[in-house]
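I set out to read one structure piece by piece and to keep a written record of each look-up. The entries are kept short, in the order in which I made them.

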Amino acid sequence: MSVIIHLDRPHKHFTNLDYLTGKVVLQLHSEAAIGGIQVKLEGESRTRLAGPKYPHNEQSDKKRTEIEVHKILYKVETVFPTAAVFNAETPDRAYTFARGTYEYPFKFKFPFNNSCSIHNSMLTNLNITGLRVEMARDTARHVKKTLPPSLSGFPGMADIKYYVKATVIRPQFYKENLRAITNLNFLPIEPPRTGKPNEETYARRQHQFTDAPNVSKKRSLFQKMSSSSLRDTAGGSPRVSADLRLPNPTILTCNEPIPMRVLVKKLSESYETIFLQMIQVELISYTNIVAHDLRRTESGTWVILSQSNMAVPLGRGGDPVDTEWTIDSSLWSGIPLPSTVAPSFETCNVSRTYELEVRVGLTHGSIGNMKPQLIVLPLRMPVKVYSGIAPPKALLDAMAANGQARPVASPTSPTGSMDSTRPPMPPRPARPPVPANPEDGYDDAPPSYEDAMAETLSPVDGPRREYNPPDASSERSVEPGADPRSPVGKEPEASTPYGNQEAMSSSETLDMLPESPPESRSGSPPNSPVARQQSVLKIHKAPLLLEEDSPPEYQTIAAGKPQASHSQVNRVPSQPGSRPMNLGVPNRKPVPRSPSRQT
């Protein structure tokens, strides 16, 4: 006896409003009794984090594990017995199937929003890790939003998966039910795009080049200054600014190039030429994971573009002040986002946000004689990544009409007659009943307006983006193709992001065009020991662990693991004088026939 699921459209990702069609194939090698056949379309978001069991006791090293599971999608269809065969008077009746092959078609439609259940079944909350059995606790924190995309790449920590499952119910209590599961890849429809396409949001950073130190001055106080050094002093070192500009709002699309512009502006009078020496474009992801009172942020990086030693002159040395040079967009216009980049989303226990960082390396000098001074200006801006699957126009029109038809209640009423004409308040819906046996299934929650409209709308007819989430069986804690920013179990360490000390003395501003530009701010002195000013656009994800609703004990674990390993290394005593040499040959005793034994 075996059961197999055949999909009409295998190996493709699905989206909202799509129909999932297929058939369940049941093969019987002998006569068997079957109580029913059910097909379920399910989606779940599961997180698992570890923390100290006694957070206020520093001497205790006992740990606890928190698991949080949300059933974001649950649909059931009974393919056997059918309505013509089912008898309500004998619901527990068993049917005898003869030997052969049976096929039962099924059909589901993906909704818009998730619908979390208040109570999960015991099988859903069960988690087996090796020889350890764990049970998840129910939570009252739920988010009603668009279904999130399939997410993996964090084994044992977080994953969002969709699958279709067929169950063959066998009436004998000593016989296990047959199950077949087929995983699905899901990519949601993007929200409506609002904003003014003519406006631009930009991040700006300014920098003042420094004069090269004159070694001859340090050697002798009475040495004459050469004519070339006099000319350099008269001209002065140039001051520049770099801009990263994106359409407002800042939205990136999956499998499409980044619609950005990078500009360099001359801010001071100088006869030297500015050169573009390097440029690097990175997309940084932040995955926020929550398991009850434990929180964690995992980050990764996709390097979109990285070029160095370019030596591209920007304009001429005699260009006037406030001259802007636009870097050639052909460097990145033909590079789409990788297919492993998931769109931005937020669900009950997992969320994903992004930042775009562009590093512009500039130097100055003359043609054929560039100075060795290289300054790297980092520009960082929060962005949203959309799936590129536009919602159907009929849904947008219906939502707009529904929003306009809603009455706006005024806070005060001028006359009492208006109160008498108001309709009575509708009764508040009671808490949905809990099924007697949660394993049997979940009651359908009241559909939202989008889900109600989805029943009458046809599937999306438009371009589909390629989306290939990383393999869930991967041992890495970050997605392939992404550079890990914070290893598992470790806090992000504060370090100098750039080797050039000059890069930490520039200033960055944020504004939106064509608004009035911000006032220019000069950077700190080049040799100042002050750390780099944090960008206004930079979102610090590591300090999220310090929020009031986050447990302080989770940081102790993240920071304590590397210290424990380091202390173990320090315990090994070093004995340079009596260091043994191991050549891989075991020590042998004297042979019985040796002269030492004969004497």
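The entries below concern a predicted model.

**Entry 1. Cysteines**

I began with the question of how many disulfides there are. The count comes to 0 disulfides. I recalled that a disulfide is a covalent bond between the sulfur atoms of two cysteines. I then looked up cysteine 348, whose closest cysteine sulfur belongs to cysteine 116. The two sulfur atoms are 3.3 Å apart, and a disulfide requires them within 2.5 Å, so the distance is too far for a bond. I also noted the surroundings of cysteine 348, which is buried because its relative accessibility is 5%. Cysteine 254 has a relative accessibility of 3%, so cysteine 254 counts as buried.

**Entry 2. The open sheet**

I turned next to an open sheet of 3 strands, in the order 1-3-8, with antiparallel pairing. Which strands are at the edges? They are strand 1 (2-7) and strand 8 (100-109), each of which pairs on one side only. From one strand to the next, the twist averages 20°. I looked at the pairing of strand 1 with strand 3 (residues 19-28) and found 6 bridges in the antiparallel sense. Across this pairing, valine 3 faces leucine 26 of strand 3.

**Entry 3. Aromatic rings**

I recorded 10 aromatic pairs in the structure. For phenylalanine 97 and tyrosine 102, the ring centres are 5.1 Å apart and the planes stand at 75°, so I entered the pair as edge-to-face. Are these two residues buried or exposed? Phenylalanine 97 is buried, with a relative accessible area of 6%. Tyrosine 102 has a relative accessible area of 23% and is partly exposed. Phenylalanine 106 and phenylalanine 108 have ring centres 6.0 Å apart and planes at 50°, so this pair is tilted. Phenylalanine 106 and phenylalanine 108 are both buried. I also noted one aromatic cluster, formed by Phe80, Tyr95, Phe97, Tyr102 and Tyr104.

**Entry 4. Charges over rings**

I then looked for charged groups placed over rings. Lysine 107 lies over the face of tyrosine 19, and its distance from the ring centre is 4.4 Å. Arginine 245 has its charged end over the ring of tyrosine 202, at 5.7 Å from the centre.

**Entry 5. Strand 12 and its partners**

I asked how many of the residues of strand 12 (residues 158-169) are buried. The number is 9 of the 12, so strand 12 is largely enclosed by the rest of the structure.

I listed its pairings one by one. Strand 5 (residues 36-52) pairs with strand 12 in the antiparallel sense, over 12 bridges. Within this pairing, glutamine 38 has threonine 167 of strand 12 as its bridge partner.

Strand 11 (residues 151-154) is joined to strand 12 by 2 bridges, again antiparallel. Here phenylalanine 154 stands opposite alanine 158 of strand 12. The hairpin of strand 11 and strand 12 has 3 residues between the strands, and in it glycine 156 takes a positive phi near 75°.

Strand 13 (residues 178-186) runs antiparallel to strand 12, with 7 bridges joining them. Lysine 165 stands opposite isoleucine 181 in that pairing.

**Entry 6. Isoleucine 181**

I followed isoleucine 181, which lies in strand 13. Is isoleucine 181 buried or exposed? Its relative accessibility is 53%, so isoleucine 181 counts as exposed. Beyond its neighbours within four places in sequence, isoleucine 181 is in contact with Ile5, Tyr163, Val164 and Lys165. I also noted that isoleucine 181 and tyrosine 163 are 18 residues apart along the chain, with their C-alpha atoms separated by 6.6 Å.

**Entry 7. Leucine 305**

My last look-up was leucine 305, found in strand 19 (residues 294-307). Leucine 305 has a relative accessibility of 5% and therefore counts as buried. What does leucine 305 touch, residues up to four places away in sequence not being counted? The residues touched are Ile279, Gln280, Val281, Leu331, Trp332 and Ile335. I also looked up glutamate 282, which is 23 residues from leucine 305 in sequence; their C-alpha atoms are 7.1 Å apart in space.

Key: Residues are numbered from 1 along each chain as its sequence is written. This is a predicted model: local features need pLDDT of at least 70, side-chain atom pairs count only at pLDDT 80 or more; totals for chains, interfaces and linings use all residues. Side-chain values use heavy atoms; hydrogens and water are left out. Buried means under 20% relative accessible area, exposed over 50%, partly exposed in between (1.4 Å probe, protein chains only). Helices (H or I, at least four residues) and strands (E, at least two) are DSSP runs, numbered from the N terminus. Contact means heavy atoms within 4.5 Å. Two strands pair if DSSP finds at least two bridges between them. Axes are lines fitted to C-alpha atoms, for helices over the stretch in contact, and angles run from 0 to 180 degrees between N-to-C directions. Rings of Phe, Tyr and Trp (its six-membered ring) pair if their centres lie within 6.5 Å; planes under 30 degrees apart count as stacked, over 60 as edge-to-face and the rest as tilted. A charge sits over a ring if NZ of Lys or CZ of Arg is within 6 Å of the ring centre and within 35 degrees of the ring normal.
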